[in-house]
Amino acid sequence: MMKRTKIKDLLSSTEFGRQVVVKGWVKTFRNDRFIAINDGSTLNNIQAVVDFEHTGEALLKRLTTGAAVSVTGELVESLGKGQRVEVKVTELEILGDSDAEKFPLQPKKHSLEFLREIAHLRFRTNTFNAVFKIRHHLAFAVHQFFYSKGFVYMHTPVITGSDAEGAGEMFRVSTIDFDNIPRNEDGTVDYTADFFGKPTNLTVSGQLEGELAAMAFSDIYTFGPTFRAENSNTTRHLAEFWMIEPEMAFYDIRDNMDLAEELLKYVIKTALENCPDELEFLRNRLLEEEKSKPQNERSDLDLIAKLNFCLENEFERLTYTEAVEVLRNSKPNQKKQFKYPIEGWGADLQSEHERYLVEKHYKKPVILTDYPADIKSFYMRLNDPDAQGRRTVRAMDILFPGIGEIVGGSQREERYDHLVGRMDEIGIPRHEMDWYLDTRRFGSVPHSGFGLGFERLVLFVTGMTNIRDVIPFPRTPKNAEF
RNA sequence: UCCUGAGUAGCUCAGCCGGUUAGAGCAUCUGACUGUUAAUCAGAGGGUCGCUGGUUCGAGCCCAGCCUCAGGAGCCA
């Protein structure tokens, strides 16, 4: 029995005359004669040519879109145009039939909305083949980047007993029988009867645990699933997503920004190097899509040019205070085109403001730093008050065109008294965070870290526009299929 | 959660001012053709018009409620 060869290897082979075995799924079967077969090793199909005059009619009928086949034959130079090599079939076996009347994928363009409904089959389309191949390379590149810098990959818990992480609504983890809830005498739920003996949730961030590890290894990162029970219905939010969270001892906010920018550029460069076919396919797909848009809504750069532009240019760095000035003097603000006009210092920036800065004003990734303390988390390092006495924290958000916030991070507050002061202000009970506060009691050092939304990164690199199309099985409000 | 829009054949969509038997392209099936490239040509089958209720002589179309989806906003990665 001959060993099968992957289609990717065959398409670049010059060993004409060699006997080969190809296994894969039928994309189309044309002219009773030409099978386009794909095995996922490449975006491209190999053409297998059947001698239909000497092949049973019943067998030919089973060559339907989606069927799994094994063909044996000679690798030859193609007689036709459109492909360099093809397989002259001597043996044809159907490994798995696919009922043509029921298989939902057709050799034509499908809407992304429809494909989302059949997410279990959409891997077999060119678009999703390309998207998930790129996703794979990006994930691997993240590990490579940190490995080369001596970071330790840390697995922080998925189930957490802390409810003070302060990053939105959480999913409760429980084994309590909801039809028969154990109660205390006062009627409240008796969590001592639950699996962990107390309320537990799915993690919304591994940051706090990451900080503990950074206080021993200096440089660590996490890369794992993260859960937010927010009722968010947007193209850039998921209830279950993957986040990369490095945490570095002895890093200040500037070191933190440098690392984040270097990481982003490294993984984008890796994608460009390793996925040229996939990116080219997605680039053309986008260009095709833009043809139906009016001129002024089309992008200046195509996908690959956009990624290269991102590599070749420094991210624009400015403080919140500077950004507010830019926005205040901007045309849309003066012409009152913002829905939320920029009036003063202190309010959080709205989507429209971030978009203006990134997409209109600077036209490249922007890193915003030093936000007002009142709109940011308790663990962020407090700056000395400025000349006007305004309190800011050393936060940094990286904003990408079309995506918005892709990275959120900060230098952490390493001073015990300041940290506790902020917790008291916000009303976070000290005793719940005692383990976290220990890092500030025993050998506290300046340190920094950030969270990078992996799916938002994949969105940017693939040029897709809906985050549900860059994760295999999206979990969103009212949707946990498959 | 809020705002806007959509839901008609397996898919993408058309359907006039409320009027008789709801259409097209692709897909599927049948046949023809045989170096095709989402093959081509001819023919056929295929519908609970999202759901529930209402208005009307009559509703795919008008009204109300609900469900689902999409885009935008908020929350954020």
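This is a short chat about a predicted protein model with an RNA strand.

Q: What should I know about the model and the numbering first?
A: It's a predicted model, where local features need pLDDT of at least 70, side-chain atom pairs count only at pLDDT 80 or more, and totals for chains, interfaces and linings use all residues. Residues are numbered from 1 along each chain as its sequence is written, chains are lettered from A and ligands numbered from 1 in the order in which they are written, and side-chain values use heavy atoms, with hydrogens and water left out.

Q: OK, which residues come nearest to RNA strand B?
A: Asn31, Lys81, Thr234, His237 and Arg456, out of 49 around the strand. Near here means a heavy atom within 4 Å.

Q: And how do those divide into nonpolar, polar and charged?
A: 11 nonpolar, 21 polar and 17 charged. Asp, Glu, Lys and Arg count as charged, Ala, Val, Leu, Ile, Met, Phe, Trp, Tyr, Cys and Pro as nonpolar, and the others, Gly among them, as polar.

Q: What polar side-chain atom lies by a phosphate oxygen of RNA strand B?
A: One from Arg468, at 2.8 Å. For a base oxygen, Gln47 has a polar side-chain atom 2.7 Å away.

Q: Switching topic, which strands make the closed barrel?
A: S1-S2-S3-S5-S4, with mixed pairing. Strands are DSSP E runs of at least two residues, numbered from the N terminus, and two pair if DSSP finds at least two bridges between them.

Q: How many bridges join S4 to S5?
A: 10, and the two run antiparallel. Among them, Glu74 has Lys88 in S5 as its bridge partner.

Terms used
A polar contact is a pair of N or O atoms within 3.5 Å; within protein, one must be able to donate a hydrogen and the other to accept it, and residues adjacent in sequence count only if both atoms are side-chain atoms. Helices (H or I, at least four residues) and strands (E, at least two) are DSSP runs, numbered from the N terminus.
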